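Reader: Hello! I would love a close look at one part of this model, followed by a connected walk through its surroundings. Could you pick a spot in the backbone and go on from there?

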Amino acid sequence: MTEARKDEKPLEFRQEHLLGLEYLSREEIECVLHNAAALKPTLDQKIKKMPTLLGKTVVNLFFENSTRTRTSFEIAAKRLSADVINFTVGTSSVAKGESLLDTARTIEALGSDIIIMRHSCPGACHLLASHLRSAIINAGDGCHEHPTQGLLDMFTMRERKGRIEGLTVTILGDILHSRVARSNIWGLTKLGANVRVCGPRTLIPRGIEELGVEVFYDLEQGIRDADVINILRIQRERMDSNMFPSIREYRLLYGLTHDRLRFAKPDVLIMHPGPINRGIEISQGVADGEHSVINQQVTNGVAVRMAVLYLLGQARAQKIEMEKAE
Amino acid sequence: MSEKKLLMDKEALAYALDRMAEGILALKPDVGRLALVGIRTRGINLAERLKTRLDHLCQCDVPIGALDITLYRDDLSQLASQPLVGETHLAFGVEGREIVLVDDVLYTGRTVRAALDAIVHYGRPQRIILAVLVDRGNREYPIQPDVAAVKIETAPNQNVQVRLEELDGEEHVLLVTKGPEDTHF
Amino acid sequence: MGAILIKNGHVIDPANRVDARRDVLVEGGRIAAVGTGLSAPEAQVIDASGLYVFPGFVDLHVHLREPGREDEETIRTGTRAAAAGGFTSVCAMPNTTPVIDRATGINYLRSATQRDALVNVFPAAAVTVGQQGKEITEFGDLIRRGAVAFTDDGHCVADSEIMRRALEYTAMFDVPVLDHCEDPMLKRDGVIHEGRVSMMLGLRGIPAVSETVIVARDIALAEYVGGHVHIQHVSTRRSVELIREGKRRGVRVTAEVTPHHLALTEEACLTFDTNAKVAPPLRSEDDRQSLIEGLRDGTLDAIATDHAPHTDIEKDMVFTEAPFGTIGLEFAFAVCHGELVATDRMDLATLVEKMTVVPAAILRLNKGTLSVGADADITIVDLGLEKTISRGTLLSKSYNTPFLGKTLRGFPVHTLVGGRLVYSNGKIV
């Protein structure tokens, strides 16, 4: 499943943190995807555990609820033998007004090697990365980025289509508030896909064409001849701020139904980062239909996150080794 | 300047592989359960050559697999870069198998230690036979080969290089001795 | 107070059209003479060879944070920072705790500044009680006690009716209303300019139009009721155009621009640097260019720092939670000189004018000149002096600035307030 590469740059990963796909080179993205592909078969081993991160502590620091992403990271880290600590806001001193940095410093003092964080504010992971020594993985920072979701989406596309370069990928829905959209855009454009965004005008940020995407407000035009449609979750709270008139109107204009799929390529892939609002942004039939790879995305998420944990754990171990030598 | 000494030429290498195949059969494995597993990278190519020989000698079709030990290594933090994880294929299932683990050079024993760990994560084999082309001594872990075509004692400033046609465009085994000015191979 | 003779400096005094090598003699706290070959045997001599001598800078827009947020800044530390930056007069914003919106507040401020201030402090009072935007303050009483302007700075006067009455009423006293022009409904919980960077970072944007609509409204109201409206920290191209047009129509509108809006754009936020989080936000390169152009052609009258100190504790937060604001007093001249004069976009005399006599005139202060008899507020600047902005050297109590770590050129070496040397060669005297 490795795509033939035109240039011969080595697949090296030179990051200490994973803050966003904006900051990765094409080679670094390829490196993660390559490792994830090699790791995926280990998910079927008899003993689904490798000693790679034995004795390392991975902390899930989630300021927003997300059972799916947190669990996926937890499984990935455990497959690599890390000790995983789940730190949730409700049970912590954050509720007592402690600052994010103090919370994170406390976690680091307890011995974290890798901190996986989800936070409602864009750039929250940057703040941690600039003040702490642990490797930081962004598991979603507000409307900014969700890099592992972007990576697993690309992994799934390549697994199914054999390539990413030249694919037409439509990202459909609330682009303005979507970290998944931004990570997809950065990653897919770096790997040479033709990226489109499609949704109501109020939910597409002005000037997004600068990132190398095409903008569509009409669903049928937006998905015409698409190889992949990546559907975003529509959030009801956006309706309250008058970003669009009603759920009913959204479904009418942008809900992906079986009937509308005919505008896309016959072998179009339907993706969704979950959780799904069935019957709103996606119909029951499409979500469960032959084109849907939504469940495969979840499985691939574990392999991709294992690859990221391996690479960052490795980078961190080397850094510590070098500091010891100095 | 490093000094290179030819340990095996193409013919000697072919003969060594013949002897390895015979050596494996001398251990009287149950041929029906036999499987070859090559350790990435050159172990896989050597396993393929052994398969040709074993298939011929036993009139059978020995399954063959590939093992990547990256995630099982105990020296990851000492490496200069992150090695890419390679794919592991053990499609035949290791449960109850008599596995011949194949590598080109046996040195410290750390690679084999990692490989043994990796294999048992895929199931419980009946038996594991270790077959290597060159045993260059200097073990750090208590691991010994069952089959070794060549045994030589080497110094720390020496290295054994196995060059194979399909990977390197040439076919021979070299003993390289590095000069005092060379920092690494 | 002893006499001081400043010898051989290059004097720029825009009000008196002086731009030449001159000596300046200070006696009794006032300018006694400006000329060549002056001598005064009793006077302390400051050798200004190779240096520039300006009227002390006047800043229309400073947050001294006292009373209430003495952890961020005090009158003492803020005015020391002012002296180090060559500012001899500052207008203190009233958004303190409590808000300066009644006689007791002004009285407190006057006694506190008499005790602690190193430079002249002129208080502005709130337009509305508690800056709540609901009822106007006792303008007449506040003016009698020393208020030089009215502003709800930090907030816009959102209610157009209240803005109308404020302009209408203060016109009786010939005192300006300074407005922080951001429509709160369009700003909502935006944190940076709505544009390329907000699109990339997923941060909620503050559209340029949130400023445009209020600037247009304020100019229309000033034209209608005849008051003096002063637009604070202009940040957009459209605002500049509206002010330009308003002035052409004869409206009493003046405007200020900050050094950070002149020097930086939204790009400064790309690293999520909370020190680049300011209100109004750093905008696009096109906006920035229009601000420089507006300053050149006189549409924008003055440079004001909007010195807004915040502690590390407040700024070491995630971007959305960190407060808006950057400090600016100590390097305002260096930033503006580097951005405008060193690039040949403005001559030095014009820059000095916009930091001295023009802001003084907006507040009806008899400041910003070296006229004989004027208060001897003087700044002596070394245009070649380089400094790296760092925690170790800043005199402000806070360090929140995107220029932290940057090396800038052109700093005051001596500052005189009322004929007294208060700052000299990096140290408070």
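Author: Let's start with P280(C), which sits in the loop between α9 (259-263) and α10 (285-296) of chain C. This is a predicted model, and in it the peptide bond that joins A279(C) and P280(C) is cis, with omega at about -5°. As background for your close look, most residues other than glycine have a negative phi, and most peptide bonds are trans.

A second cis bond takes us over to chain B. There, the peptide bond from R40(B) to T41(B) is cis as well, and its omega is near 5°. T41(B) belongs to the loop between β2 and α2 of chain B. Please don't picture these two chains side by side, though: chain B and chain C do not touch, and 27 Å separates their nearest C-alpha atoms.

Following chain B onward from that loop, we reach helix α2, residues 42-58. Its 17 residues reach 24 Å from the first C-alpha to the last, close to the 24 Å expected at 1.5 Å a residue. Which residues of α2(B) are buried? They are R42(B), G43(B), I44(B), L46(B), A47(B), R49(B), L50(B), K51(B) and L54(B). You may enjoy spotting R42(B), R49(B) and K51(B) in that list. The cover over these buried residues includes the helix α1 (10-26) and the strands β2 (34-39), β3 (64-67), β4 (98-106), β5 (127-135) and β7 (158-163) of chain B. After α2(B) comes Q59(B), with a positive phi near 55°.

Phi of K28(B) is also positive, near 55°, in a residue other than glycine. K28(B) lies in the loop between α1 and β2 of chain B. Is K28(B) buried or exposed? K28(B) counts as exposed, because it has 8 C-beta neighbours inside 10 Å. Chain A offers a related case in S81(A), which is not a glycine and yet has a positive phi of about 70°. Look for S81(A) in the loop between α2 (67-79) and β2 (83-88) of chain A. With 15 other C-beta atoms within 10 Å, S81(A) is partly exposed.

While we are in chain A, have a look at strand β6, residues 194-198. This strand is mostly covered, since 4 of its 5 residues are buried. Strand β5 (residues 168-172) of chain A runs parallel to β6(A), and 5 bridges join them; across this pairing, T168(A) stands opposite N194(A). To get from β5(A) to β6(A), the chain passes through helix α6 (residues 179-190) of chain A, and this β-α-β crossover is right-handed. β6(A) also pairs with strand β7 (residues 213-216) of chain A, in the parallel sense and over 4 bridges. In β7(A), V213(A) is the bridge partner of V195(A).

Finally, let's see where chains A and B meet. Of the 2 pairs of chains in contact, chains A and B share the most contacts. Chain A brings 23 residues to this contact and chain B brings 17 residues. On chain A's side, the elements giving two or more residues are α1 (26-39) and α11 (294-325). The largest share comes from α11(A), with 7 residues. By class, chain A's side has 13 nonpolar, 6 polar and 4 charged residues.

Key:
Residues numbered from 1 in each chain as written. Chains lettered and ligands numbered in written order. Predicted model: local features only at pLDDT ≥ 70, side-chain atom pairs only at ≥ 80, totals over all residues. Contact = placed C-beta atoms within 7 Å. Nonpolar A, V, L, I, M, F, W, Y, C, P; charged D, E, K, R; others polar. Expected span 1.5 Å × (residues − 1). Buried ≥ 20, exposed ≤ 12 C-beta atoms within 10 Å, placed from the backbone. Pairing = 2+ DSSP bridges. Right-handed = clockwise from strand over helix to strand, strands pointing away.
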